[in-house]
Amino acid sequence: DVERSRGLGDVYKRQRGFWPDSPSPFDPKAHSTMPFVHTYLPQSTSTSQRDAVVQGIHQALVQGIGMPEDELFNMVHPYAPGQFAFSRSFNGVARSDAVVVVEITMRRGRSDAMKKALYAAIARNLHEGAGVAPADVFIFMHENDYSDWSVGHGRFAMALVQQTGAQ
């Protein structure tokens with residue numbers, strides 16, 4: 001019988017309105033990842049280089065984790081000389097004065113292998129498209145859940161996930 005073959009997880013999903021018509025929030029491919037990125041770069045960065053940095057990060061997210069093209073949310077923070085103190089040799093990496101820090105917040109669910117590939121793609125894209133030395137690309141990530149987001153109108157993002165039709 002189909003009902004019994006679905007298992008307890010599916011019963012849970014069905015009871016909460018996720019079954020069968022709406023995608024499950026437990027399926028990372030069923031909903032967008034919508035990362036929010038903060039990019040910190042030297043104040044002397046040109047507009048064209050800044051745009052190339054933003055696009056390099058965005059394309060790495062699109063290609064690396066399947067983020068939809070229209071999910072571009074990147075807050076750029078220029079910093080003046082003396083506003084960012086950092087080790088020029090931490091972990092054996094020789095850094096210049098032009099460190100670009102990429103802080104990514106997104107819904108949890110990516111494997112370590114996906115993150116490793118994403119970080120490499122960001123560094124490669126920034127080097128090829130914006131001339132940023134790979135040693136100067138510093139990336140870190142925060143992961144959270146739908147309940148940690150509101151993406152418009154002050155609405156709880158989990159409510160958007162649970163919708164079962166256009167509203």
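This report describes the strands, helices, core and a few single residues of a predicted model.

## Overall make-up

The protein chain has 167 residues, and buried residues make up 35% of them. Its secondary structure comes to 5 helices and 4 strands. Read from the N terminus, the elements follow the order α-α-β-α-β-β-α-β-α.

The accessible surface of the protein chain is about 10000 Å², and 54% of that surface belongs to carbon and sulfur atoms. Contacts can also be sorted by distance along the sequence. Among those between residues at least 6 apart, 67% join residues at least 24 apart.

## Strand β3 and its partners

Strand β3 covers residues 100–107. Buried means under 20% relative accessible area. Because 8 of the 8 residues of β3 are buried, the strand is largely enclosed by the rest of the structure.

Strand β3 pairs with β1 and with β4. Strand β1 (residues 36–42) is joined to β3 by 5 bridges, and these two strands run antiparallel. In this pairing, Thr39 stands opposite Val102 of β3. Strand β4 (residues 137–144) is joined to β3 by 8 bridges, and these two run parallel. Here Val100 has Val137 of β4 as its bridge partner. To get from β3 to β4, the chain passes through helix α4 (residues 112–130), and this β-α-β crossover is right-handed.

## Helix α3

Helix α3 runs over residues 47–65. At 1.5 Å a residue, its 19 residues should span 27 Å, and the C-alpha atoms at its ends are 27 Å apart, so the expected and computed spans agree. Just after the helix comes Gly66, with a positive phi near 75°.

Ten names could be listed for the buried residues of α3; among them are Val53, Ile57, Ala60 and Leu61. What covers the buried residues of α3 includes β1, β2, β3 and α4. A general point about helices helps in reading such lists. An α-helix has 3.6 residues a turn, so residues three or four places apart point the same way.

## Helix α4

Helix α4 also has 19 residues, and it reaches 26 Å from its first C-alpha to its last, close to the 27 Å expected at 1.5 Å a residue. The residue that follows α4 is Gly131, whose phi is positive and near 75°.

The buried residues of α4 are Lys115, Leu118, Ala121, Ile122, Ala123, Asn125, Leu126 and Ala130. Their cover includes α3, β3 and β4. Lys116 lies in α4 as well, but it counts as exposed because its relative accessibility is 66%. Lys116 and Gly64 are 52 residues apart in sequence, while their C-alpha atoms are 9.8 Å apart in space.

## The nonpolar core

The largest nonpolar core has 24 residues, of which Ile104 and Ile122 touch the most other members. The elements β1, α3, β3, α4 and β4 each supply at least two residues of this core. The largest share, 7 residues, comes from α3.

Leaving aside neighbours within four places in sequence, the residues in contact with Ile104 include Phe36, Val37, Leu61, Leu118, Ile122, Ile139 and Met141.

## Asn144 in strand β4

Asn144 lies in strand β4. With a relative accessible area of 13%, Asn144 is buried. Leaving aside neighbours within four places in sequence, Asn144 is in contact with Thr105, Met106, Arg107, Arg108 and Trp149.

## Two loop residues with positive phi

Most residues other than glycine have a negative phi. Asn91 is not a glycine, yet its phi is positive, about 60°. Asn91 is found in the loop between β2 and β3, and its relative accessible area of 66% makes it exposed.

His153 likewise is not a glycine and has a positive phi of about 60°. His153 is found in the loop between β4 and α5. With a relative accessible area of 81%, His153 is exposed.

Key
Residues numbered from 1 in each chain as written. Predicted model: local features only at pLDDT ≥ 70, side-chain atom pairs only at ≥ 80, totals over all residues. Heavy atoms only, no water. Buried < 20%, exposed > 50% of the residue type's maximum accessible area, 1.4 Å probe, protein only. Pairing = 2+ DSSP bridges. Right-handed = clockwise from strand over helix to strand, strands pointing away. Expected span 1.5 Å × (residues − 1). Contact = heavy atoms within 4.5 Å. Core = buried A, V, L, I, M, F, W, Y, C linked by side-chain atoms within 4.5 Å. Areas by Shrake-Rupley, 256 points an atom, 1.4 Å probe, with all protein chains shown as cover.
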